[in-house]
Structures are given as structure tokens and as C-alpha cells.
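Okay, thanks for coming, everyone. I'd like to walk you through a structure that may be new to you, so have a look at the screen.

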Amino acid sequence: MPVTYPPVRGTLTPDRNLADLTWLRVGGPADALFQPADLDDLRDFLAALDPRVAIFPMGVGSNLIVRDGGLRAVVVRLGRGFNRIETGINTVEVGAAALDAQVARVAAKAGLDLTFLRTIPGTIGGAVRMNAGCYGRYTADHLLEIQAVTREGEAVVIPAAELDFGYRSSNLPDGHIITAATFRANPGAPEVLEARMVEQVARRDETQPTKDRSAGSTFRNPAGYSSTGRDDDVHDLKAWTLIDEAGLRGAMRGGAIMSPKHPNFLVNRDNATAADLEGLGEEVRKRVSAHSGLTLEWEIMRVGEPAFP
């Protein structure tokens, strides 16, 4: 049955194609895209929306494949009303739509160390949801609490301890949309923190295909932790090593390729479809399992339906 959407003060676009909202530039339409004006707009919309209608929170699409048939849900994409960054003595309060890299930069200027966020793609909401991290530090190491809105439109505060963080995971309740987060940050000299971030960006650009159309790391490391960036880092249970040893660096399907520069990066090389990208990823998982006996788990989220016949 056709859905009647509640009135909004933000923007509500039915049948909105999502390809241009994801870093991989693939995917079909969502039933609707809702960009709330502010917290009250979001709460009122969810409270009035038919509870049978699915909701999918989406950041900047940096870690996402939307399948070619699209997504049978209302996609909620937070924007300017949710991107504030406020620094305190040893805390940083952040809207969920703020970019991770921007949070790191603003914190560093205030003499607060959240430098691990500098090279993590995406927004704070996604970083919390997936316990993003790099160089041996994770979102969970610094998070104090989050603010969220439930599927019923209720605003709630959840302490970090209740999110049960793991490697690239949390137990954020279904239907909750993160709207803000508060972090604890150690003090540091701004010039030292800035130099550290410059070094991190240079290291990333040297080892990762940052100029290509990718969605960051494709698979989780079977070792259960991210790269530390130290010279003594061990690579034997890293996803990229297993892919490389299986002879899949540069493997292709349609317009998709496993990056020759970093084989754990799935790249839209030449007008790939979502089916090309996901199909190549599944082929990599199959062949890595046959070669090493280890099963790679997707880090990229895949949502929606295949292309319609």
C-alpha cells in the first residue's frame, strides 16, 4: 500500500536514487530520503511515521554498498543541524553528521587528542556504530555517551558502556538513530597533534588507493584488530595479506577491481554495478577460504535488493 509520509520541516524526497550519495557511486532508489532540519523534526517524523515503515540511517555513504534494486526503507541522512563540534576541557561534543576528519582537526586545534579519527572516512554516527579505529585506537576507547532517537521518536542518552563494543561492532539497538556523541580526549600540544595527523595522512596516501572510488577496507581483519601503524605490526592475519596470498590483488569483475595498491580495497574502476562489486567481494571470500581456510567477513555494509528482473 502507498505510504503517506508525515509533514516535515526538512527535506523529504520520495523514490530518491542513492548512487550519488555513496562513495562507490552505485545503488538504486530508496522509497524516500529524509533530511531533517533539526532534532525536533526528526523526532516528530519518526513518531508520526507508520511503524511498519523501515528506517535506514545513512551518513556520507563511505562504508556502504546499496544494491542495484534499491532500498525499501526511508533513508534518514543527517545534515547541517547535526554537525556541531564543541570542545571542553577534556571532552569533545559532536553531532553525528560531523565528519571524522573534521572532528580530529577541530579537537587538535583545541589541544585535544582525537587524532586517530583523522584518516577514518565517514561521519561520527558511523564511527560509533562500527567502533571505527586505526593505529591501535578505537572509538570505544574515547566515547563517553551518545544521544539517539528511537524508531518511536523518543530522545535517549546511552552510556558507552551499554553499547558493548567489539572489533568493528556495537550493539546499538535496532531502529536507533545516533544524533550526537561525547568523547573523552587527552590533552596535547596543537602543533604536535597536527604533525601527527600530517604523518598519518601521508602514510595513508602512500599505502591506500585514496584517489580511487572505494569504500575503505572491504573486509574485517581475521586477527580481530586494525593495523597499528607501527614498524612491528604483524600482517599474517590481516585481510589484505590473505587476499594477496590467494592471488587476488587486482582481481576484477565487470567494472569492479580489488585495488592493485591495497588488495583489501574494493574499487569501482569503470562504471561498476553494485552486483559487480558485491559479486567480486563474494568471489574473494570464496577463494580466500579455499586457500587459507579462513573466512573473511564484510566490513562494508551491503543493503537493499538486487536489480529487478
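I'll go through one helix, the cores, a buried arginine, two unusual backbone angles and some salt bridges. Keep in mind that this is a predicted model.

Let's begin with helix α1, which covers residues 39-48. Which of its residues are buried? They are D41, L42, F45 and L46. Why do these sit on the same side of the helix? Because they cover an arc of only 120 degrees around the axis. In general, an α-helix has 3.6 residues a turn, so residues three or four places apart point the same way. Now turn to the other side of α1, and you find D44, A47 and A48, which are exposed.

So what covers those buried residues of α1? The cover includes a set of strands: β1 (11-17), β2 (29-35), β3 (55-58), β5 (71-77), β11 (143-149) and β13 (177-184). One more detail, at the start of α1: D38 has a side-chain oxygen that comes to within 3.3 Å of the backbone nitrogen of D40.

Okay, on to the inside. In soluble globular proteins, nonpolar side chains tend to be buried together. Here the largest nonpolar core has 48 residues. Which of them touch the most other members? That would be L114, I124, V128 and I146. Take I124 as an example. Setting aside residues up to four places away in sequence, I124 touches V94, G95, A96, A98, D100, V103, L117, A181 and F183. There's also another core, lying apart from the largest one. This other core has 23 residues, including I65, F219, A272 and L277.

Next, a residue I'd like you to find on the screen: R77, in strand β5. R77 is buried, yet it has no salt bridge. How far away is the nearest side chain of opposite charge? That's D20, and it is 7.9 Å away. What R77 does have is a backbone partner, since its side chain reaches the backbone oxygen of G59 at 2.9 Å. Around R77, leaving out neighbours within four places in sequence, the contacts are L21, L33, F34, Q35, P36, M58, G59 and V60.

Now for the backbone angles. Most residues other than glycine have a negative phi, and most peptide bonds are trans. Where do we see a positive phi here? One case is D15, with phi near 50 degrees. D15 sits in strand β1, and with a relative accessible area of 57% it is exposed. The other case I picked is R168, where phi is near 55 degrees. You'll find R168 in the loop between β12 (155-159) and β13. Is R168 buried or exposed? It's buried, with a relative accessible area of 9%.

Stay with R168 for a moment, as it leads us to the salt bridges. Side chains of opposite charge can pair when their charged atoms come close. In this model the count comes to 16 salt bridges. One of them joins the side chains of R168 and E299, at 3.0 Å from N to O. That pair links distant parts of the chain, 131 residues apart: R168 is in the loop between β12 and β13, while E299 is in the loop between α6 (274-292) and β19 (301-303). Both R168 and E299 are buried.

Set that beside D50 and R52, whose side chains meet in a salt bridge at 2.7 Å, N to O. D50 is partly exposed, at 25% relative accessible area, and R52 is exposed, at 71%. Then there's D244, which forms a salt bridge with R249, with the closest N and O atoms 2.9 Å apart. D244 counts as partly exposed at 28% relative accessibility, and R249 also counts as partly exposed, at 34%. Some salt bridges share partners, too, and these join D31, R72 and E305 into one network.

Last stop: G247, in the loop between α5 (239-245) and β16 (252-253). G247 is exposed, with a relative accessible area of 55%. How far is G247 from H291? In sequence they are 44 residues apart, and in space 9.5 Å, C-alpha to C-alpha.

That's my tour, thanks for listening.

Technical notes. Residues numbered from 1 in each chain as written. Predicted model: local features only at pLDDT ≥ 70, side-chain atom pairs only at ≥ 80, totals over all residues. Heavy atoms only, no water. Buried < 20%, exposed > 50% of the residue type's maximum accessible area, 1.4 Å probe, protein only. Helix = DSSP H or I, 4+ residues; strand = E, 2+ residues; numbered from the N terminus. Arc of directions from axis to C-beta. Contact = heavy atoms within 4.5 Å. Polar contact = N/O pair within 3.5 Å; in protein donor to acceptor, adjacent residues only side chain to side chain. Core = buried A, V, L, I, M, F, W, Y, C linked by side-chain atoms within 4.5 Å. Lys, Arg positive; Asp, Glu negative; His and termini not counted. Salt bridge = Lys/Arg side-chain N within 4 Å of Asp/Glu carboxyl O.
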